[in-house]
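This report looks at how two protein chains meet and what lies around a DNA strand.

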2 protein chains.
Amino acid sequence: MTRIIDVARRAGVSTATVSRVLNGKNVRPELAAAVRDAVGELGYSPDRTARSLRRRHSEVIALVLPDVENPFFTAVARGVEDAALEAGYSVVLCNTDDRRDKEERYLGVADDENMAGVILAPADATPPIGRLVERGRSVVVIDRRVTHDVDQVTFDNRALGFRATKALVDRGFRRIACITGPETTSTAVDRAEGWRDALHDAGLVADDGLLVHANFRVDGGYEAIGTLLGRSPAPDAVLATNNLAGVGVLRALADRHGGPAPAPAGDDGSAGPVLGVGVVGDLPFATSRTSDVVIVPLNPRDLGVTAAGLLLERIAGSDAPARQLIQETEDHREGVRPV
Amino acid sequence: MTRIIDVARRAGVSTATVSRVLNGKNVRPELAAAVRDAVGELGYSPDRTARSLRRRHSEVIALVLPDVENPFFTAVARGVEDAALEAGYSVVLCNTDDRRDKEERYLGVADDENMAGVILAPADATPPIGRLVERGRSVVVIDRRVTHDVDQVTFDNRALGFRATKALVDRGFRRIACITGPETTSTAVDRAEGWRDALHDAGLVADDGLLVHANFRVDGGYEAIGTLLGRSPAPDAVLATNNLAGVGVLRALADRHGGPAPAPAGDDGSAGPVLGVGVVGDLPFATSRTSDVVIVPLNPRDLGVTAAGLLLERIAGSDAPARQLIQETEDHREGVRPV
DNA sequence: CTTGCGGCTGTAATCGATTACTGGCATCCT
DNA sequence: AGGATGCCAGTAATCGATTACAGCCGCAAG
């Protein structure tokens, strides 16, 4: 492997000069040219491990996610990646399965590897980031709120639940159920709160029997439908508060009756009850028509860009007080299909 | 930050002894205990950058993928991750968008960061891994064949195309089209070859007009349907040779006529032509019934585990000749739904 | 008693790049 | 002219862990 000293010798200068050329400091032009020639001839590229050791941090940022198989998070990743690459940083993804032990492990790796910073979508409200923060590493939390005093970027989850529910009300649905995530995640709770508020606003009942805490995965939505259809009186619509639960709902309805209902009134010609469906978040890879579904779209990519922006500021040395940003979203849409 | 020398002082030993304890060499038990106590009290964890600099490689492996938004590849990532974690390695994901420049960049990062090894799903048959290989870094290529003499794990793509096509033939379809990926990717070409062979075997024509080279994304499948329905005579079924193209096909059919056809004969009661559908690969997050679709499932997670196994052997020092493995898959299934 | 050997431990070199510090040289001011 | 100032380049210290090497001790054999 060629080292900096090889380049230095070939260019007839010292290692310090080579380093300076490579890092854009002031060096006499002819020496700089000689160095660049030598670099080119030898195909030299600096060893980042050594550089990181000396600089105290690398040019890699860690993106720690609960589930890289959820398209929501992969879209976040794209946003982070695009913003980071532009600034000369590389992004590595780590997958926690919403498990604290894996989360802790990857945060530890990020620290021990001296990564420049971490963007974390936490498993719960108190992720183990204390050590990182104390050591002055840059951390940005996304998607779910935490109790730590660090930069955070989330959606206005109450508003998301509210808007989705209101759109269902506007379509004429009256008895609207809600399938949300575990009570430990702020997104699940906040979106359900929006659902409740929207019903109250419309003078409808937010029957506790119509609120189901499932998981935020496909099977959660799929199974919750069974529970809800057992209620009496049964709901005429259902809100799924995340994308995967929405997939589960739609799949369950497709299996039972062919799909969701566009509007409540008389067109109940098909066999058995058919539900109106609302979803917070985009449906990934839908294989059915989605024009009957109320979708409140999110823009996870933008969330990623925003978070990366905050993180890069921190890495550059900003010590402003911790910021809590709300990522703006579009209003809901109905029947728009993202091919 | 606590360093190894802090631990050494606290335990009353030298740094060498601390290092030896931490790396499992022989040390007098009472000293070892003292070191471990000191480590615990100080909350010491070794700086991996420094370790990597000395050891010449880190305990991180890079998984370089064309598209982390494709569930096929995220499933691969899970497999790699599980296998690697068990062996004490961490995995970082890199996303290339099938672009050579991003691929080259991330491979460069992996090298410069002295990562232990790389698992690569290449953008084309000649990825820029020459430098890595020369330097003796461990590399395993997955999913698509390359010309380099390195370990490779792929599926038997011809067989996959063959089996899917045969299943459609068995259902009674006779004029089966094929939507495959770009001619530059071996998977697209090989699966199409399987389609052709299966038709010949069945005494059917593999009309070139029925073979469409699209991209391997949703829009590719979606748009290809339009092309195919313009052919005359029109096909009565279509094979999508990857998961996302399959999604595009199903979505297009849902938009046009409500979905795929279970079998060709008389039940053409719906409006207009309805196609039988076969897909190589699982349908991610399907929101429709999939019982009418012939699916030849893949096991990307296993592919990841296999690749990680090969890589870990290499990292451990194996210098066996390059291996080319075929990842086994289950046979096709029809109408099974993975919730 | 001496020599030899094996098992531990400590000292210091090492990995490769960055950068504080020092000194040489030229320019500029009084 | 003499001194101050600034710019650049080179030398060597530095980041933190690993490990080659050397030294020490104890035991066994001669």
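The sections below cover the basis of the values, the protein interface and the DNA surface.

## Basis

This is a predicted model, in which local features need pLDDT of at least 70, side-chain atom pairs count only at pLDDT 80 or more, and totals for chains, interfaces and linings use all residues. Residues are numbered from 1 along each chain as its sequence is written, chains are lettered from A and ligands numbered from 1 in the order in which they are written, and side-chain values use heavy atoms, with hydrogens and water left out.

## Interface of chains A and B

In chain A, 56 residues are in contact with 56 residues of chain B (heavy atoms within 4.5 Å). The two chains bury about 5500 Å² between them, 51% of it on carbon and sulfur atoms; buried area is the accessible area (1.4 Å probe) that two parts lose on being put together, summed over both. On the chain A side, A:Arg251, A:Phe285 and A:Thr287 lose the most area to chain B, together 15% of what that side buries.

The rule finds ten salt bridges across this interface (a side-chain nitrogen of Lys or Arg within 4 Å of a carboxyl oxygen of Asp or Glu). One salt bridge joins the side chains of B:Asp67 and A:Arg78 (3.4 Å, N to O).

## Surface near DNA strand C

Strand C is surrounded by 27 residues, the closest being A:Ile4, A:Tyr44, A:Arg51, A:Arg54 and B:Arg54 (near means a heavy atom within 4 Å). Of the strand C atoms within 4 Å of the protein, 64% belong to sugar or phosphate and the rest to bases.

A phosphate oxygen of strand C is 2.4 Å from a polar backbone atom of A:Ile4. In chain B, a polar backbone atom of B:Arg28 is 3.2 Å from a phosphate oxygen of strand C.

Key
Polar contact = N/O pair within 3.5 Å; in protein donor to acceptor, adjacent residues only side chain to side chain.
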